[in-house]
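User: I'm new to this one and would like a close look at a single part of it. Could you walk me through it in plain words?

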Amino acid sequence: MNLEKVVFGFFVLLAATLNFGFFLGDINNPSVHNILELYAAVVVNIIATVLKFGDRTQVGAVHLATSLVADIQLIAAAGVWIWANQVVGGTIPGHTMASIVSLSGGALLANLVSVVLLVVETVSFRRR
């Protein structure tokens with residue numbers, strides 16, 4: 001067992017599950033989407049991205065690309081949340097919450113592609 005692969009797989013799956021947990025629920029209802037879960041998804045995605053920097057294979061490049069897409073979309077979602085909450089003030093309106101959840105949905109799609117790549121890479125691994 002390769003500890004590096006275990007840590008890598010752990011962070012990829014944790015990023016996807018945190019993102020999925022935030023994404024679930026009514027798209028325009030702020031009470032069913034937890035901001036701490038969004039921030040946790042951002043942090044874990046960034047950690048997963050850093051772990052992908054060392055892989056120089058073609059699959060590693062696609063892993064890095066999917067992770068960067070997820071990072072950008074989650075950071076944009078957090079930015080919209082901060083903008084709506086701190087700059088505009090008050091409660092987050094439904095259309096703004098729909099934008100935040102849509103951005104996290106795009107990141108979720110990128111995370112699912114990354115998980116599929118991880119499974120394909122694991123299944124195709126041959127013992128040497």
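Which residues does T96 touch, not counting residues up to four places away in sequence? Please start there, and then show me how the helices around that spot fit together.

Analyst: Happy to. Keep in mind that this is a predicted model. T96 touches V80 and A84, once you leave out residues up to four places away in sequence. T96 itself sits in helix 4. T96 is buried because its relative accessible area is 15%, and the cut-off for buried is under 20%. One of its two partners, A84, is listed among the buried residues of helix 3.

Before going further, here's the overall layout. The chain has 4 helices and 0 strands, so along the sequence the pattern reads α-α-α-α. The C-alpha atoms fill a box of roughly 60 × 25 × 20 Å along the principal axes. Of the 128 residues, 35% count as buried. Among contacts in the chain with a separation of 6 or more, 72% are between residues 24 or more positions apart.

Now to helix 3, which runs over residues 58–88. At the N-terminal end, T57 acts as a cap for helix 3: a side-chain oxygen of T57 lies 3.0 Å from the backbone nitrogen of G60. After helix 3 comes G89, which has a positive phi, near 85°. You can check the length of helix 3 too. It has 31 residues, and at 1.5 Å a residue they should span 45 Å; the end C-alpha atoms are 44 Å apart, so the two values agree. The buried residues of helix 3 are G60, H63, L64, T66, S67, A70, D71, L74, A77, A78, W81 and A84. What covers them includes helix 1, helix 2 and helix 4.

L74 is a handy link to the next helix, as it turns up in the contact list of N19. N19 lies in helix 1, residues 3–23. N19 counts as buried because its relative accessibility is 0%. Leaving out residues up to four places away in sequence, N19 touches A41, L74, S104, A107, L108 and N111. Helix 4 covers residues 94–123, and A41 has its place in helix 2.

A41 tells the story from the other side. Its relative accessibility is 0%, which means A41 counts as buried. Apart from residues up to four places away in sequence, A41 touches L18, N19 and L74. Compare that with the pair A41 and D55: they are 14 residues apart in sequence and 22 Å apart in space, C-alpha to C-alpha.

Let's stay with helix 1 a bit longer. Its 21 residues should span 30 Å at 1.5 Å a residue, and its end C-alpha atoms are 30 Å apart, so expectation and model agree. N2 caps the N-terminal end of helix 1, with a side-chain oxygen 3.1 Å from the backbone nitrogen of E4. Following helix 1 is G25, with a positive phi near 120°. The buried residues in helix 1 are F8, G9, F11, V12, A15, A16, L18, N19 and F22. Helix 2 (35–51), helix 3 and helix 4 are among the elements that cover them.

For contrast, take L13, which is also found in helix 1. L13 is partly exposed because its relative accessible area is 43%. L13 and L118 are 105 residues apart in sequence, and their C-alpha atoms are 9.4 Å apart in space.

One last stop is a pocket. Rolling a probe the size of a water molecule over the atoms shows where empty space is left. The second largest pocket has a volume of about 220 Å³. The elements giving two or more residues to its lining are helix 1 and helix 3, and helix 1 gives the most, with 4 residues. The full lining is N2, E4, K5, V7, F8, L51, K52, D55, G60 and H63. By class, that lining has 3 nonpolar, 3 polar and 4 charged residues. Some names should look familiar by now: N2 is the cap of helix 1, F8 is buried in helix 1, and G60 and H63 are buried in helix 3.

Notes: Residues are numbered from 1 along each chain as its sequence is written. This is a predicted model: local features need pLDDT of at least 70, side-chain atom pairs count only at pLDDT 80 or more; totals for chains, interfaces and linings use all residues. Side-chain values use heavy atoms; hydrogens and water are left out. Buried means under 20% relative accessible area, exposed over 50%, partly exposed in between (1.4 Å probe, protein chains only). Contact means heavy atoms within 4.5 Å. On a 1 Å grid over the protein atoms alone, a cavity is a set of points where a 1.4 Å probe fits but cannot get out, and a pocket is an open set with protein on both sides within 12 Å along at least five of seven lines; lining residues have an atom within 4 Å of a point. Grid points are joined across faces, edges and corners, and a volume is the space filled by probe spheres set on the points. Ala, Val, Leu, Ile, Met, Phe, Trp, Tyr, Cys and Pro count as nonpolar, Asp, Glu, Lys and Arg as charged, and the others, Gly among them, as polar. The expected span of a helix is 1.5 Å times one less than its number of residues. A polar contact is a pair of N or O atoms within 3.5 Å; within protein, one must be able to donate a hydrogen and the other to accept it, and residues adjacent in sequence count only if both atoms are side-chain atoms.
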